[in-house]
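Visitor: Could you take me on a close look at one part of this model, the place where two chains meet? I am new to this, so please explain the terms as you go.

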Amino acid sequence: MSPKHLLSINDLGRDWIEEILRLTESFAEVSARQIPKVPALRGKNIAWLFYEDSTRTRLSFETAAKRLSADTMNFSVSSSSVNKGESLRDTCLTISAMGVDAIVVRHKSAGVPWQIANWIDASVINAGDGWHQHPTQALLDSYTLTQKFGALDGRHIAIVGDIKHSRVARSNIEAFTALGAEVTVVAPQTLLPPSLEGWNCKVSHDLDAVLPTTDAVYLLRMQLERQKDALVPSLREYTSRYGLTDERLKRLGSEVVIMHPGPMNRGVEISQAAADDARSVVTQQVANGVSVRMAVLFLLLGHNPDEETIEETL
Amino acid sequence: MSSTNQTTLIRGGTVVDATGTRRADVLVGADGLIEAVGDENADLRGDRTIDAGDCVVSPGFVDLHTHLREPGKEEAETIETGSRGGALGGFTALVAMPNTTPPMDSVGVVRDVIELGKTALTDIIPSAAITVGRAGQELAPMAELAELGVRIFTDDGTGVQDDLLMKRALEYSVGMAPFTGGASVALAQHCEVNSLSAGTFMHEGEWSSRLGIPGQPSEAEDLMVMRDIAFARSTGARVHFQHLSTAGAVALVRAAKAEGLPVSAEATTHHFTLTDAACASFDTVFKVHPPLRADSDVAAVKAGLLDGTIDAIATDHAPHCAHDKEQPFDAAPPGMIGLETALALALTELDLPVEKLVGLMSWRPAEIAGIADTHGGPIAAGRPANITVFDPNETWTIDGASFASKSSNCPYEGHEVRGKVRHTIFGGETVVLDQEATR
């Protein structure tokens, strides 16, 4: 049975992650066609429920849904009844009553996708909940890495920066390690979660010590307000200790992959040269995002066990 | 206090009070006082008899920490419905917290609460705010409120942040005897340093890290307990620590008591039964202030209850409407109901002799609340008949929707527990008979 929801990476486990990556490859082929559209989700209705700003994730999901011929409902928080005080639950029940097959939700509060899954019958896809999870980002990052390396077993990936406030980090650690990679998180103590009990990763405060052994370096966006919260003394100091500067870029191995979930703060966590370096796969990540989300939508909504294989569907 | 025009015999139970444990029947007089206590040979007779077979007959329970929501949020609870839940839970007195709308920070509002409480199924003991509007800026009229009967002052829901203001409040509280007929008052603190807790929604630790929910560190509580112990030492004022939740706070109170300082403390049922791991469900029923803490904190709170560091079990009964709780975890209001489950959870989860447990729920909180003359006293002739009859061995399954409380934000749904209140006698009136409220 395919999963009904996509809430967290841990819910999927290695087998489903690998199944999604396999599907992604098929959908990448669809995306490369002259007319990149298949009827796989014709008649399916998907609602976007974005309570938090998002450009790339939302556009990526919309593109994925359109390429699969799904119908979509846009829910814009600013012009909706949320502004009239409607609760999240009532909004979900209202959308659900119109008949949706899936709700793709982003919310600033951790756990909202779980709550919605309890309230309605439709599939729920987590497009980012607070600092908690961003599973499709982790899947597209995993796909990008497997494109480069094949299997991730034994590969070493450094995730650098604001781990504490990052849903990308939480999901990526789970996904990369599920696929057999080793992960080291690199950050000042203030940008690490208060406890790493139960986390399947190593910890370092020393980027220069970690870089020589990494196959990929994953830089997280450094929120500019962290300086105000006294989490770092200054962005200048952060960059000097934890940024992928020009100087560190020079020392980086020729096969090392540079990743970033976007949007980038050029000159803070990543230098201009590093962002545009040949080893950077930032734009591939974005491109893969569409294929991965096609795979996720298809897995959750399009799977018909009585019917043909995915290859025939396409 | 109400009375009835007939006498009631509580027959066949085991009386447990501060003087000890013995087999005895209790005759409740028509005047609301206990008329006689005696064993089978005394051959007591009442106009009617209620069965206490297999039951403990104890002084009525006293909850130091109840949110009754009236005035202001009657959709979630009223004094009437809250007191009915309290009576069903074996309580004969509830200390009403002042975070109402408007807050209980003036004679007018407190007088209203007293008035509304007169028809309740328990005594309603008003607390009052330490500061005007619970805003932490200026002192509420403490002497006027003390004269009206207030013995516990608290800004509960928040702690008094300003160090100097808190010290002044404690100093001022020492001189209340002329307005209380000689009784002392206590300042009860919700210990939480806001600069450490602002923007947090659960305990900071393993689970908050994993769930990505901003966490409140234990030091937010520990530091204020530490400060107020220092003030108790310098001012001699009585400080009561509300809902202790951290191992550090329990250790601090233990040391302060060893030093002989005038401090007391309560722990809620949820802080010795639940941990932060419950938040992994993202069910907002588990969101509460102070937050559910780690296993080691739960163990420390239990140890504190066992060794007397913590004086009382309180409920922090905090009813919320379903539509308020059905929000994202960060937006949902904190709090859980507890009046109708407190006894069972204490019996089920604490390895305590029943005499000690009854003390934690009855005479110790009665002393702290300044109501020991009417509640918590020995079951003896001439005493006010505020009595709880409970079967310590009856097992049952918790069902929040079945409770008398107007709200059902109960975190123990489906839990199997042991211990059930059978009858509650309040001021001589049988307000709960055979597990049903009589009005």
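**Where chain B meets chain A**

Guide: Happy to! Chain B and chain A bury about 1,500 Å² between them, and carbon and sulfur atoms give 57% of that. Buried area here is the accessible area (1.4 Å probe) that two parts lose on being put together, summed over both. On the chain B side, the residues that lose the most area to chain A are Ser209(B), Phe282(B) and Glu326(B), together 37% of what that side buries.

A word on the source: this is a predicted model, in which local features need pLDDT of at least 70 and side-chain atom pairs count only at pLDDT 80 or more, while totals for chains, interfaces and linings use all residues. Residues are numbered from 1 along each chain as its sequence is written, chains are lettered from A and ligands numbered from 1 in the order in which they are written, and side-chain values use heavy atoms, with hydrogens and water left out.

Now for who touches whom: 16 residues of chain B are in contact with 20 residues of chain A, where contact means heavy atoms within 4.5 Å. There are two salt bridges between chain B and chain A, each a side-chain nitrogen of Lys or Arg within 4 Å of a carboxyl oxygen of Asp or Glu. Glu326(B), which we met above, forms a salt bridge with Arg89(A) through their side chains (3.3 Å, N to O). As for character, the chain B residues that touch chain A divide into six nonpolar, five polar and five charged; Ala, Val, Leu, Ile, Met, Phe, Trp, Tyr, Cys and Pro count as nonpolar, Asp, Glu, Lys and Arg as charged, and the others, Gly among them, as polar.
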